[in-house]
Amino acid sequence: AKYLVFQIINNLWLHPLSKYPGPLLWRAFRFPFLLSMVRGNLPHQIKSFHEKYGDIIRVAPDELSFIVPEAWRDIYSKGREFVRPDQFKDQPPGKTAANLIACSEPEHARLRKILAPGFSEKYAMEQEPFIQSYNDQSSAVDVVEWINYLAFDVIGDLTWGSSFGCLDGLTYHPWVQTVGQFKAAIVVGALKFYPLVYSFLMASTPPSALQAVMDMWKLTEQNVRERVAGGASRPDLVGTMMASESMTQEEMEVNSMLIVAAGSESVTTVLTGVINHLLRSPDKLNTLVEKLRTTFPSSEQDITGSALKSLPYLDGVLNEGMRLCPTIPDGMRRNIPAGGATIAGQFVPGGMVVSVPPFATYRASRNFSHPTEFAPERWLSDEASSSKFKDDSKIAFNPFSLGAHNCPGQNLAWLELRIILARLLWRYDLSIPPGVDLPRWEEQGIWWFWDKQPTMVRFRKFR
Ligand code: HEM
């Protein structure tokens, strides 16, 4: 009890971060933060704390959250000194090979270098035919499900050269379902703050509880092995890994798995978020549909990645989707290196945890005018569209993060997002079925990713 009292006194009054505002219990203990995280509520609460306490707040005894645009640069693009805290690194069960999220900085640099050619813009162009081919199929009711199938089929093909066949069977593949179990994963993550409880729980978990994850592993192994045995000459990411001749089989597997998970969830979030917002603003939907159907008057085959690059309104819609529905809504936490660092003008001592929370930052009126409005025009450069949004702070918006750990899949992401949305809207008239209430995006729970609720949409073939 004495220790507890000392800790509370220390955290509230003597701690180097004690001058920063924040809710009392959160400043005194780590526990409220973890409870909120496990309940799928953390980014929402951090957003409301920023609204109440200001731009720089304390959300745990040793942790600050910044919605100041300059904090992006100061935290994420200062070389490799700011590392992800151990509690937020995840090593899949039974695997020890280096993966991009859980490895050391030198290993990370090595893996990113090997993968770089496979994520280049040129390579993405070579992969375009594979993306296009999945868009030829369609049938939809719940767009969350349908786009998730599509995104998984595409990323399987682009990673190890064979799709999951979700669209063919119109059902989730076991792999896809397992990746969806983020809720359990986040409880495990929270427990890492209490090492004793964590090791007890891990030791007493029956192997059957891990069965689904193990099945997924077997399938990943099999896909990667088949791809390796099949030999070179296909523009996919395992091909890129093979070409380097310096990755072990297990490294190829763990990183393929990470790429498939990162590349499917993100695309699904942005596209369902965009469709949800477009359906709520029919005038924006009409503007985009008009632009698509007049730019491509005759054939769907003309809708290529390179042609779509010259449609700024489409990119405006997608950027606005990533602003309001960021795929990683919670802050990507980093440790301040020994010796401390200055973040947005504030000196923060070494060992503290810092981040920029995208959900709170992108909806803060200090950064964006009319922050909750879905306004693709804010991203256009012409005078008439942008004057209402002239005070927007574009540098506050970094959907793919910055620096050494940013998203390597950006070229592929843009290609997929543009092609899927453009072809869908070119071919179908979308509307809300009578009696259906679309989910309110910002009210959905967040367990690392948005807990996307079914989004029923009516598709009528335009031609
Ligand atoms: C809308 C689409 C996407 C968005 C908004 C997005 C965003 C991000 C962000 C913010 C990160 C940094 C995560 C962190 O620091 O914790 C990241 C990492 C990553 N993304 Fe993406 N991503 C998208 C699509 C993709 C695609 C299509 C792929 C693969 C083909 C991909 C592969 C990865 C990988 C492998 C990482 C880990 C990189 C590392 O730690 O070095 N992403 N992404």
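**Domain interface and ligand shell**

In this predicted model, the C-alpha centres of domain 1 and domain 2 are separated by 30 Å. Each domain is assembled from two stretches of the chain: domain 1 comprises 1–85 + 332–358, and domain 2 comprises 99–327 + 399–461.

The interface between the two domains was examined next. Contact involves 20 residues of domain 1 and 23 residues of domain 2. The size of an interface is often expressed as the accessible area that is lost when the parts come together. For domain 1 and domain 2 this buried area is about 1,800 Å², with 64% of it given by carbon and sulfur atoms. One salt bridge is counted between the domains. A salt bridge joins Arg80 and Glu105, with 2.5 Å between the closest N and O atoms. Six residue pairs, with both members at pLDDT 80 or more, are in polar contact across the interface of domain 1 and domain 2.

On the side of domain 1 that touches domain 2, at least two residues each are supplied by helix H3 (31–38), helix H4 (42–53) and helix H5 (70–76). H3 provides the largest share of this side, namely four residues. Sorted by class, the side of domain 1 that touches domain 2 consists of 10 nonpolar, four polar and six charged residues.

The surroundings of the ligand were described in a similar way. There are 27 residues around the ligand, and those that come nearest are Arg84, His108, Arg112, Arg334 and Cys407. For three of these residues, polar side-chain distances to the ligand are available. In His108, a polar side-chain atom is 2.5 Å from a ligand oxygen atom. For Arg112, the distance from a polar side-chain atom to an oxygen atom of the ligand is 2.7 Å. In Arg84, an N or O atom of the side chain lies 3.1 Å from an oxygen atom of the ligand.

Two or more residues of the shell around the ligand come from each of helix H6 (105–115), helix H15 (249–280) and helix H21 (410–427). The most is given by H15, which contributes five residues to the shell. By class, the ligand shell holds 16 nonpolar, eight polar and three charged residues. Both domains take part in the shell around the ligand: at least three of its residues are drawn from domain 1 and at least three from domain 2.

How values were computed:
Residues numbered from 1 in each chain as written. Predicted model: local features only at pLDDT ≥ 70, side-chain atom pairs only at ≥ 80, totals over all residues. Heavy atoms only, no water. Domains from an automatic or database assignment. Contact = heavy atoms within 4.5 Å. Buried area = accessible area lost by both parts, 1.4 Å probe. Salt bridge = Lys/Arg side-chain N within 4 Å of Asp/Glu carboxyl O. Polar contact = N/O pair within 3.5 Å; in protein donor to acceptor, adjacent residues only side chain to side chain. Nonpolar A, V, L, I, M, F, W, Y, C, P; charged D, E, K, R; others polar. Near = heavy atom within 4 Å.
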